[in-house]
Amino acid sequence: MTRFIVRRLLLLIPILIGLTLLIFVFIHLLPGDPATTILGERATPENYARVRAALGLDLPLHEQYLRYMGGLLRGDLGRSFITNRDVVADFAQRFPATIELALAAMLFAVTVGIPLGMITAKRRATWVDQLGTVGSLIGISIPIFFLGLMLKYLFAIQFPVLPSEGRIDLAMQTFPRTTNLLVIDALIALDFRGLLDVARHLVLPAIALGTIPLAIIMRITRASVIDVINEDYVRTARAKGLPERMIDGRHVLRNALLPVVTVIGLQIGLLLGGAILTETIFAWPGVGRWIYDAVTTRDYAVIQSGVLLLALIFVVVNLVVDVSYALLNPRIRHS
Amino acid sequence: MTAAAATAPAEERSIGLWRDAFHRLRRHPGAITGGAMVLMMVLAAVFAPQLATHDPVRGDLANSYIPPLTGDHLFGTNVQGQDVFSRIVYGARLTLGIAVMSVTIGVLVGVFFGALAGYFRGWVDGLIMRMVDIMLSVPGLLLAIAVVAWLGRGVVQIAIAIALINIPIFARILRGSLLALREADYVIAARAVGVRGPALLLRHMLPNAMGPLIVQATLALGTAVIDAAALGFLGLGPPDPRTPEWGVMLADTYRFLSRAPYLAFFPGIAIVITVLGFNLLGDALRESLDPRLRR
């Protein structure tokens, strides 16, 4: 087991070097020049040279890469072109909002997706199953931004029952933001009215972001349960007279969930990418909205560092998923 | 004689598989529905000039916010008085164009590297697959945003950005198929009678590795449509803001949602129909090409 973890950790090094190289190459070698993009085509040569020097673009390439890597290792990714604020600090301040949204979306996807997958598998080839299959296909095919707009129109404009912007009503913000995960903060302060308000703000964005993972989890659960239902040990369990509910819980679901766990891990990239769209629609003050704002203001320092940091987090989370999966499944550990 | 004798059974079998798959596809309800949806959008794209009732770009401010089914405005008009139906029809052109371009680049480049990795193995394989790991370690939409932000806005740039998401996926799939095929009886037989090098790869292995690639390409077309629209929605669409692009159209409606929800509805539905079509078709293809399901 230790060898497995060490091997996976070592594999992280080439990926990290490659990732930074990839982003570095984008910045410096592809056609187009950030200095021109910042200043526009009609900049004076003096201004142009000044901006290039400020970005370190006048140094030889290998020196630029070393400078960039040195900064990265010190946790310094530079400053925003627009606000001149420290990029890493800004990222750290907004990231909890994105985590909270992603976790809520995943909670929604798992608690609805797994039971639906189980039900459609048990009623295979009935109208329930067909309805579920069509529904999950539509769920995969709806873009987040369209679903988000429709949810916002239905539940915030046409029937105004839920808030559709921000994380909390300012009037409710009476508890201290220690972790900046507002659900946790409200719980620590035992502020249940605040907690309710935070939860209400989470509903629409979490549904918008969680629908695609829900559909995928439902499809995988269905396929996996169908595989397991036909196994010998399930027939044995039924033959020895176990009640159906016990067969489903103890024998079917437990064995069917392994592939589902992997798929849940694979959804993290989807959630991080989708967060940009969801946060844009619901004015959610997370990392996604921050990157979107950077795109509209052409703040390349923020775009490049935001993408790099999200990719790093994605890589590390994938590693954690791999390792925990190995802990769950002895067959992987020993291969 | 040796090479010909070895080739014959393999080719006969591959034709059999395709014909069999096509027969099953024609009776598959998902394939028919999905095919019809995709066909509808392809026809809209091809005959956009004939179908459009108005100029998709020129607006008429005197006629803004006309609700759907009024006069000759089937889907109504937007803030600038542009006809929504005409914009959607022309948008199909742009969206399908980007999708086809990006998936074609993704398949060609991905197949090239996947074939190198799967055929040569050793350090070539190791190097290519590490690169694939790195590219897959950036969430797709994020990669596309970064690429378009740096390359500048434009249709070709969007296609390249989405192609970059696809390249590692196709490379990995093809490599996997090739590794499995190395142990297939007819490949071992071909090698035993002296077929070597490119001939073995191109004539015996690649044709038999096409199935998973075709399925993935179909599904990738759907994802490309969503990604292209997402870039447009985020303000990274075509440089001319008047361009009829579905994602841009949705972004434009964002501020007018309470006043004119139909403006968001029609481009959104166009995206859903196109993507659902490709997904249905991809699923049906997967089932039809799966040798385990052959009767």
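What share of the 335 residues of chain A count as buried? In this predicted model, 37% of the residues of chain A fall into the buried class. The chain contains 14 helices and 0 strands, so that, read from the N terminus on, its elements run α-α-α-α-α-α-α-α-α-α-α-α-α-α. Taken along the principal axes, the box filled by the C-alpha atoms of chain A is roughly 85 × 55 × 40 Å. Among the contacts in chain A that link residues at least 6 apart in sequence, 68% join residues at least 24 apart.

The confidence of the prediction was considered for the complex and for chain B. The predictor assigns the complex an ipTM of 0.86 and a pTM of 0.86. For chain B the mean pLDDT is 84, with 93% of the residues reaching 70 or more. Over residues 1–12 of chain B, however, pLDDT stays under 50, and the model has 12 contacts beyond four places in sequence for this segment. Where pLDDT is low, the predicted coordinates should not be read in detail.

The association of the two chains involves 38 residues of chain B, which are in contact with 38 residues of chain A. On the side of chain B that touches chain A, the elements giving two or more residues are helix 5 (122–136), helix 6 (140–151), helix 10 (210–233) and helix 12 (262–289) of chain B. Helix 6 of chain B provides the largest share of that side, namely 9 residues. Sorted by class, the side of chain B that touches chain A comprises 28 nonpolar, 8 polar and 2 charged residues.

The largest nonpolar core has 170 residues, and those with the most contacts inside it are A:Ala105, B:Leu142, B:Ala144, B:Ile145 and B:Ile162. Helix 4 of chain B gives the largest share of this core, 17 residues. For B:Leu142, when its neighbours within four places in sequence are left aside, the contacts are with A:Leu272, A:Gly273, A:Val307, A:Leu310 and A:Ala311. In soluble globular proteins, nonpolar side chains tend to be buried together.

Two residues that are not glycine were found with a positive phi. The first to be described, A:Ala283, has a phi of about 45° although it is not a glycine, and A:Ala283 is found in the loop between helix 11 (244–281) and helix 12 (287–296) of chain A. Because 12 other C-beta atoms lie within 10 Å of A:Ala283, this residue is exposed. In chain B, B:Arg121 likewise shows a positive phi, of about 55°, although it is not a glycine; its place is in the loop between helix 4 (84–120) and helix 5 of chain B. Since B:Arg121 has 14 C-beta neighbours inside 10 Å, it counts as partly exposed.

A further loop position was examined in chain A. A:Gly75 lies in the loop between helix 4 (61–73) and helix 5 (87–122) of chain A, and it counts as exposed because it has 10 C-beta neighbours inside 10 Å. A:Gly75 and A:Ile13, which are 62 residues apart in sequence, are separated in space by 17 Å from C-alpha to C-alpha.

Notes:
Residues are numbered from 1 along each chain as its sequence is written. Chains are lettered from A and ligands numbered from 1 in the order in which they are written. This is a predicted model: local features need pLDDT of at least 70, side-chain atom pairs count only at pLDDT 80 or more; totals for chains, interfaces and linings use all residues. Two residues are in contact if their C-beta atoms, placed from the backbone, lie within 7 Å. Helices (H or I, at least four residues) and strands (E, at least two) are DSSP runs, numbered from the N terminus. Ala, Val, Leu, Ile, Met, Phe, Trp, Tyr, Cys and Pro count as nonpolar, Asp, Glu, Lys and Arg as charged, and the others, Gly among them, as polar. A residue is buried if 20 or more other C-beta atoms lie within 10 Å of its own, exposed if 12 or fewer, and partly exposed in between; C-beta atoms are placed from the backbone. A nonpolar core is a set of buried Ala, Val, Leu, Ile, Met, Phe, Trp, Tyr and Cys residues joined through C-beta atoms within 7 Å. pLDDT is the predictor's confidence in each residue, from 0 to 100.
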